[in-house]
Amino acid sequence: MPMKNFIQKLISFIFPIVCSSCGADLPPLSQTRICPKCKENLPKIKGLVCQKCGISLPDGGEFCFVCRKNPKEHSFDKMRSVYSYKDNIRKLILNFKYFERTYLSKDFVSDMVETFKSEPAFKDIDLIISVPLNILRRLKRGYNQAQILAEGLSQALGKPQNARILYRKKMTKAQFKLTKQERRENIKDSFYVQNPSLLKNKTILLIDDIATTGATASACAKTLKKAGSKKVFVLTVARD
Ligand SMILES: [Zn+2]
Ligand SMILES: [Zn+2]
């Protein structure tokens, strides 16, 4: 057996890498943690989407019902998501977010780069910013999953990112326990900016793992624009 093969076999014996979705063996030193079969089956958002919020529009049209009814519903200029938040992507994101499977960020970032490149408006961004966690939750979890994605994207796209501009206040209740209306009220004034001079006339790419109603991204966009940003685009791994 050639030495290289032997060493690879040894490494995969000591540090086996398996698909995070189905558990199948992956090649030693594999960069991806999702096997090709599982990747293929993830619910990618394809075809026509709302030009504002990026939700899938199976019946076509320019905007979804919400964005058509109230064009000011969202303060961001455009949001795009790679996947619908269901099936296996749901499980993968929960593992990424709450169970320290941060190595999944490589897979998510490469998917996000693809979606980023498919949206012509996104090419003008100046700065990448992640949706912040409040300090207590950040300390409890030990990391901000959106910031890990922002760092990966910054590297992949060759654009700067900065985690010291947008902050979240402490008192925000857990979003998933609230109704849509409560969620909107709760989130509205939850963010603030430090160093607004870094935002002046900048086009921002805002990063999060999941978007549900878009209220969180919208509240961030509103805060960023108030502080001087020209435009705010949003990119998330999944859309609920
Ligand atoms: Zn798999
Ligand atoms: Zn929409």
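Which protein donors hold the zinc ion (ligand 1), and how far from it do they lie? The legends below take up this question and then turn to other parts of the chain.

**View 1. The site of the zinc ion (ligand 1) in the predicted model.** The protein donors are Cys 19 (SG), Cys 22 (SG), Cys 35 (SG) and Cys 38 (SG), and they lie 2.2 to 2.3 Å from the ion; donors here are N, O and S atoms within 2.8 Å of the metal (3.2 Å for Na, K and Ca), and water is not among the atoms, so sites may look incomplete. The four donor atoms subtend angles of 104 to 114°, which makes the arrangement tetrahedral, a term used for four donors if all angles lie between 85 and 135 degrees. For comparison, the ideal angle for four tetrahedral donors is 109.5 degrees. Along the chain these donors follow the spacing C-x2-C-x12-C-x2-C. Cys 19, in the loop between α1 and α2, and Cys 38, in helix α2, are 19 residues apart, and the pair links distant parts of the chain. Cys 19 counts as buried at 3% relative accessibility, and Cys 38 is buried as well, with a relative accessible area of 10%; buried means under 20% relative accessible area, exposed over 50%, and partly exposed in between (1.4 Å probe, protein chains only).

**View 2. The site of the zinc ion (ligand 2).** Cys 50 (SG), Cys 53 (SG), Cys 64 (SG) and Cys 67 (SG) are the protein donors, lying 2.3 Å from the zinc ion. The angles among the four donor atoms run from 101 to 116°, and the site is tetrahedral. In sequence, the donor residues are spaced C-x2-C-x10-C-x2-C. Cys 50 and Cys 64 both lie in the loop between α2 (36-41) and α3 (65-69), so the pair ties together parts that are 14 residues apart in sequence; helices (H or I, at least four residues) and strands (E, at least two) are DSSP runs, numbered from the N terminus. Cys 50 is buried, with a relative accessible area of 0%, and Cys 64 is buried with 9%.

**View 3. The surroundings of Ser 105 and Ile 148.** Ser 105 has its place in helix α5 (residues 105-117) and counts as buried at 12% relative accessibility. Leaving aside residues up to four places away in sequence, Ser 105 touches Phe 96, Ile 148 and Leu 149, where contact means heavy atoms within 4.5 Å. Ile 148 lies in helix α7 (residues 145-157) and is partly exposed, with a relative accessible area of 22%. With the same sequence neighbours left out, Ile 148 touches Phe 96, Thr 102, Ser 105 and Tyr 143. Two C-alpha separations help to place this view in the chain: Ser 105 and Ala 227, 122 residues apart along the chain, are separated by 30 Å, while Ile 148 and Leu 178, 30 residues apart in sequence, are 26 Å apart in space.

**View 4. Two residues with positive phi, Asp 87 and Glu 100.** Asp 87, in helix α4 (residues 87-98), has a phi near 50°, a positive value in a residue other than glycine. Asp 87 is exposed, with a relative accessible area of 53%. Glu 100 is found in the loop between α4 and α5, has a phi near 60°, again positive in a residue other than glycine, and counts as exposed at 56% relative accessibility.

**View 5. Confidence in the model, from helix α1 to strand β2.** The protein averages a pLDDT of 91, and 96% of the residues score at least 70; pLDDT is the predictor's confidence in each residue, from 0 to 100. Confidence is lowest in helix α1 (residues 3-14), at a mean of 74, and highest in strand β2 (residues 127-130), at 98. Where pLDDT is low, the predicted coordinates should not be read in detail.

**Notes to all views.** Residues are numbered from 1 along each chain as its sequence is written, and chains are lettered from A and ligands numbered from 1 in the order in which they are written. Because the model is predicted, local features need pLDDT of at least 70 and side-chain atom pairs count only at pLDDT 80 or more, whereas totals for chains, interfaces and linings use all residues, and side-chain values use heavy atoms, with hydrogens and water left out.

Definitions and conventions: Four donors count as tetrahedral if all angles lie between 85 and 135 degrees; four count as square planar and six as octahedral if opposite donors are over 155 degrees apart and all others between 65 and 115; anything else is irregular.
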